[in-house]
Amino acid sequence: QVAACHENLSQYYTISFLRKDQLAEHTLWKATNTISPDSMKGWLAKVINQEDIYCTLDARQIKNGCAGDASVTKEEILDVFRRIDRADEVRMIKLTALRKFHPAYPKSDLQRARPTLGLNRGGYVGLRSRR
């Protein structure tokens, strides 16, 4: 869905792919990480490391299980996936609102000659260049 909505999302957000060692940056992970292992297993019927089970993806799964749709092709999804550094370690996607939308951001009629990622330009963060 992120690849399909990339153009729209990029108007408002940067898009980061978080590895296991970066999950503390993700609000959902931080919140669920406060649940005790006993409650997670007994009450919610989930394992404590659920992101290792439900939040993984590899190229084979994309090739075999993803049909694409009218807004994105399987090849476009694979292109993004192949450019993610250490994609096998990615567990979550983080959208960060551009700073120009923060209420405290100083408004100006001046347009920057070169948009700055995260400030007034969104899109993918950290993807490798196409070969």
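User: Buried means under 20% relative accessible area, exposed over 50%, and partly exposed in between, with a 1.4 Å probe and protein chains only. What kind of model is this?

Analyst: It is a predicted model; local features need pLDDT of at least 70, side-chain atom pairs count only at pLDDT 80 or more, and totals for chains, interfaces and linings use all residues. Residues are numbered from 1 along each chain as its sequence is written, and side-chain values use heavy atoms, with hydrogens and water left out.

User: Sheet first. How many strands form it, and in what order?

Analyst: Three strands, in the order β2-β1-β3. The sheet is open and the pairing is mixed. The edge strands are β2 and β3, each pairing on one side only. Strands here are DSSP runs of E with at least two residues, helices are runs of H or I with at least four, and both are numbered from the N terminus. Two strands pair if DSSP finds at least two bridges between them.

User: Do β1 and β2 run parallel or antiparallel?

Analyst: Antiparallel, with seven bridges joining them. One bridge pairs Leu18 with Met92 in β2.

User: And which way does β1 pair with β3?

Analyst: In the parallel sense, over two bridges. Strand β3 covers residues 123-124. Thr14 has Gly123 in β3 as its bridge partner, and Ile15 has Tyr124.

User: How many residues of β1 are buried?

Analyst: Six of the seven, so β1 (residues 13-19) is largely enclosed by the rest of the structure.

User: Switching to charges. How many salt bridges does a search of the whole structure find?

Analyst: Nine. A salt bridge here puts a side-chain nitrogen of Lys or Arg within 4 Å of a carboxyl oxygen of Asp or Glu.

User: What about Asp52 and Arg91?

Analyst: Their side chains meet in a salt bridge at 3.1 Å, N to O. This pair links distant parts of the chain: Asp52 sits in helix α4 and Arg91 in strand β2, 39 residues apart.

User: Arg91, buried or exposed?

Analyst: Arg91 counts as buried because its relative accessibility is 13%. Asp52 is at 24%, so that end counts as partly exposed.

User: Which other pairs are there? How far apart are Asp85 and Arg128 along the chain?

Analyst: Asp85 and Arg128 form a salt bridge at 3.5 Å, N to O. That pair also joins distant parts of the chain, 43 residues apart: Asp85 is in the loop between α6 and β2, and Arg128 is in the segment after β3. Both count as partly exposed, because Asp85 has a relative accessible area of 36% and Arg128 is at 34%.

User: Which residues do shared salt bridges join into one network?

Analyst: Lys20, Asp52 and Arg91. Another pair is Asp58 with Arg60, at 3.1 Å, N to O. Asp58 is partly exposed at 26%, while Arg60 is exposed at 54%.

User: Back to α4. Where does Gln50 sit, and what is in contact with it?

Analyst: Gln50 lies in α4, residues 50-54. Leaving aside neighbours within four places in sequence, Gln50 is in contact with Met40 and Cys55. Contact means heavy atoms within 4.5 Å. Gln50 counts as buried because its relative accessibility is 17%.

User: Which residues form the nonpolar patch on the surface?

Analyst: Val47, Ile53 and Tyr54, with about 300 Å² of accessible area together. Ile53 is in helix α4 and is partly exposed at 48%. Patch residues have over 30% relative accessible area and no salt bridge; like charges are joined within 9 Å, and nonpolar side chains (Val, Leu, Ile, Met, Phe, Trp, Tyr) within 5 Å. Areas come from the Shrake-Rupley method with a 1.4 Å probe, and for residues only the protein chains shown count as cover.

User: Backbone now. What is the phi of Ala45?

Analyst: Positive, about 60°, although Ala45 is not a glycine. Most residues other than glycine have a negative phi. Ala45 is in the loop between α3 (37-42) and α4, and counts as exposed because its relative accessibility is 63%.

User: And Arg86, where is that found?

Analyst: In the loop between α6 (74-83) and β2 (90-97). Its phi is positive too, near 55°. Arg86 is partly exposed, with a relative accessible area of 35%.
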